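Welcome to a short tour of one protein model. Have the sequence and the 3D view open as you read, and look up each residue as we come to it.

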Amino acid sequence: MLLRRVSEHLRTQNWVAVGLDFLIVVAGVFLGIQLGNWNEGRIEARQERALVMRLIEDARQSAVSLDAAMEFTDEKAASARWAHEIMLDGTLRPADEARFREEIASFGPWQGDRFVSATVDQAIADGSIALIRSGAMRGLIAEHREDMEGRAISHQNLGSMNLQHLMALRDRLDIRITDEGQAVITPRSEMLADEDLRRTIGQFAFVYQEMAGLSRASIKMNADYREQLEAYARGRGWAE
């Protein structure tokens, strides 16, 4: 219909009407583009919100895993320190002997910093991290991912040290597998007099202590990261 009107106005040389028709066409195109941009912006905003909220949830789950890892490592560090003090003192009370044997037989296992990183890994891999409009926030997320990888490597290195110490411990002790698990049957007097065993137990205490320190630092790093994500979400009106 509009084209017919334009043709009629051109035939009658009604230039004012032609101009008005042209303005109507331009305005319609402009409004259509703006509407399309607005709809696209709304979609991207929803996608950004969904991504940020998933990152926050991952950080919350990471906090639970990190707390569990630190609790495990703290217990192992305390046990190793206790056993090392007995070795340094050279005296083992009969009431403590069963516990002492159980503790040193349990040294070796460790838990690394178990971050939940599925969302950030996917966002960086498929480029969806670009949905986050803040360049500073994108940088923060990428830096956090690098920190997670670095901490995982640090824990693996310490875990390798634990493995070496475990092999040394097995060389020093007579350990048998029973129905209840592992049991150290080396005589008490031989254990207390073994300087290499004392050093090995001390090394376990050191490694577990280092792991606990890493876990504490990871907990703080994750809490700071989560706080900044939540502040960004609040700034966008997505969360209280």
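Contact here means that heavy atoms lie within 4.5 Å. With that in mind, let's explore this predicted model, starting from one threonine and moving on to charged pairs.

**A threonine in helix 4**

- You can find T119 in helix 4, which covers residues 118–126.
- T119 counts as buried because its relative accessibility is 10%, and buried means under 20%.
- Once neighbours within four places in sequence are set aside, T119 is in contact with L51, R54, L55 and D58.

**Salt bridges: the overall picture**

- Side chains of opposite charge can pair when their charged atoms come close.
- The count for this model comes to 17 salt bridges, and the next groups visit some of them.

**A pair in helix 2**

- R60 and E57 join their side chains in a salt bridge, with 3.8 Å from N to O.
- Both R60 and E57 belong to helix 2 (residues 15–89), where they sit three residues apart, about one turn of the helix.
- R60 is partly exposed because its relative accessible area is 36%, a value between the 20% limit for buried and the 50% limit for exposed.
- E57 also counts as partly exposed, at 34% relative accessibility.
- This pair belongs to a wider group: E57, R60, R226 and E230 are linked in a network of salt bridges.

**Two pairs in helix 3**

- R101 and E97 form a salt bridge in which the closest N and O atoms are 2.8 Å apart.
- Helix 3 spans residues 94–106 and holds both R101 and E97, four residues apart, or about one turn of the helix.
- Are R101 and E97 buried or exposed? Both of these residues, R101 and E97, are buried.
- E103 and R99 make another salt bridge through their side chains, at 3.4 Å from N to O.
- E103 and R99 lie in helix 3 too, four residues apart, which is about one turn of the helix.
- E103 counts as buried because its relative accessibility is 15%, while its partner R99 counts as partly exposed at 39%.

**To look at again**

- Try finding E57 and R60 in the 3D view, then follow the salt-bridge network on to R226 and E230.
- Then turn to T119 and pick out its contacts, among them L51 and D58.

Key
Residues are numbered from 1 along each chain as its sequence is written. This is a predicted model: local features need pLDDT of at least 70, side-chain atom pairs count only at pLDDT 80 or more; totals for chains, interfaces and linings use all residues. Side-chain values use heavy atoms; hydrogens and water are left out. Buried means under 20% relative accessible area, exposed over 50%, partly exposed in between (1.4 Å probe, protein chains only). A salt bridge is a side-chain nitrogen of Lys or Arg within 4 Å of a carboxyl oxygen of Asp or Glu.
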